[in-house]
Amino acid sequence: MYRAMGEPGQPCLAAMDGLKRVVRVDSTTTTLSPLLRVGFIFASPTLISKLVDSKVATGFAGTRLEERIVCQILGSSEYRRMVARLQARIGTCLTSGTERLHRLGMRPLAQPTGGIFISAVLPSPDGVGAADDARISEAASASGLAVKAGSAFSCRSGDRAWIRLNIAYLDHPALSRFVERLRGAADGRNRHNFATSNLAKDTTDEHLES
């Protein structure tokens with residue numbers, strides 16, 4: 001679903017395979033608008049035929065108007081230019097965002113080459129138990145930061161807590177204020193008893209979607 005937001009020039013596995021064994025599922029909700037709930041599939045003719053039969057049998061279909069709109073847009077040169085501009089902006093945000101995280105004392109789990117999210121370890125000298133990341137996520141939400149706890153993406157428990165952030169908001173003051181409170185709580189050796197009410201004291205009314 002985030003293929004268009006990847007690094008320009010990255011090889012496409014479906015294209016390399018010639019759609020013999022690889023199926024590509026895509027959507028325009030991330031590049032055009034979430035209001036256009038249209039998805040599409042690239043696969044071999046044999047498989048597509050079976051999928052069409054299943055779609056007809058189950059009655060699951062979108063509106064023809066939305067499908068025609070998306071088809072027209074995807075075939076336009078303006079769409080390709082828009083995606084190229086989006087990729088350039090994402091690249092800039094990833095570069096500046098990673099530097100911003102380091103200044104805040106947060107360490108990225110990995111350096112992404114595309115996409116709108118980045119995951120980072122929370123700032124704590126001695127580490128924060130992974131069981132605490134959900135509570136930290138709740139505290140961040142109360143501060144106006146919609147972050148996602150790392151435990152939501154893993155079935156294993158680790159010894160370090162991490163959160164997923166939207167790269168477009170890494171330079172927002174609300175994130176800086178929250179990280180400072182988090183660091184202060186860790187320095188006070190309260191890392192096993194994070195008080196949500198204390199961490200969540202923030203005057204911002206803005207909601208940062210991550």
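Buried means under 20% relative accessible area, exposed means over 50%, and partly exposed covers what lies in between, with a 1.4 Å probe and protein chains only. This is a predicted model, where local features need pLDDT of at least 70 and side-chain atom pairs count only at pLDDT 80 or more, while totals for chains, interfaces and linings use all residues. Residues are numbered from 1 along each chain as its sequence is written, and side-chain values use heavy atoms, with hydrogens and water left out.

**Figure 1. Welcome to the whole chain, with its seven helices and eight strands.** Helices (H or I, at least four residues) and strands (E, at least two) are DSSP runs, numbered from the N terminus. Of the 210 residues in the protein chain, 36% are buried. The accessible surface of the chain is about 12700 Å², and carbon and sulfur atoms hold 55% of that surface; such areas come from the Shrake-Rupley method with a 1.4 Å probe, and for residues only the protein chains shown count as cover. Among contacts in the chain with a separation of 6 or more, 62% join residues 24 or more positions apart; contact means heavy atoms within 4.5 Å.

**Figure 2. A nonpolar patch on the surface includes Ile41.** Its members are Met1, Tyr2, Val23, Val25, Ile41, Leu47 and Leu51, and together they make about 570 Å². Patches are built from residues with over 30% relative accessible area and no salt bridge; nonpolar side chains (Val, Leu, Ile, Met, Phe, Trp, Tyr) are joined within 5 Å, and like charges within 9 Å. Ile41 belongs to strand β2, residues 39–42. Because its relative accessibility is 40%, Ile41 counts as partly exposed.

**Figure 3. Here is the one aromatic pair found in a search of the whole structure.** The ring centres of Phe40 and Phe42 are 5.8 Å apart and the planes stand at 85°, so the pair is edge-to-face. Rings of Phe, Tyr and Trp (its six-membered ring) pair if their centres lie within 6.5 Å; planes under 30 degrees apart count as stacked, over 60 as edge-to-face, and the rest as tilted. Phe42 has 36% relative accessibility and therefore counts as partly exposed.

**Figure 4. Thr28 sits in the loop between β1 (24–27) and β2.** With a relative accessibility of 1%, Thr28 counts as buried. Leaving aside neighbours within four places in sequence, Thr28 is in contact with Ser33, Leu36, Val38, Phe40, Val70 and Leu74. Follow Thr28 to Leu74: they are 46 residues apart in sequence, and 9.0 Å separates their C-alpha atoms in space.

**Figure 5. Asp17 and Arg21 make a salt bridge, with 3.4 Å between the closest N and O atoms.** Side chains of opposite charge can pair when their charged atoms come close. The term salt bridge is used for a side-chain nitrogen of Lys or Arg within 4 Å of a carboxyl oxygen of Asp or Glu, and the structure holds five of them. The two partners here differ in their cover: Arg21 is exposed at 75% relative accessible area, whereas Asp17 counts as buried at 12%. Also worth a look is Leu19, in the loop between α1 (13–17) and β1. Leu19 has a positive phi of about 60°, although it is not a glycine.

**Figure 6. Arg24 forms a salt bridge with Asp26, and the closest N and O atoms are 2.7 Å apart.** Arg24 is partly exposed, with a relative accessible area of 25%. Asp26, with 9%, is buried.

**Figure 7. On helix α4 (residues 77–103), Arg81 and Glu78 are three residues apart, so about one helical turn separates them.** Salt bridges with shared partners join Glu78, Arg81 and Arg85 into one network. Between the side chains of Arg81 and Glu78, the N to O distance is 3.0 Å. Arg81 is partly exposed at 44% relative accessible area, and Glu78 is partly exposed at 40%.

**Figure 8. Strand β4 (residues 117–121) holds Ser119.** Since Ser119 has 19% relative accessibility, it counts as buried. Not counting residues up to four places away in sequence, Ser119 touches Arg107, Pro108, Leu109, Trp162, Ile163 and Arg164. Arg164 also places its charged end over the ring of Phe117, 3.7 Å from the ring centre. A charge sits over a ring if NZ of Lys or CZ of Arg is within 6 Å of the ring centre and within 35 degrees of the ring normal.
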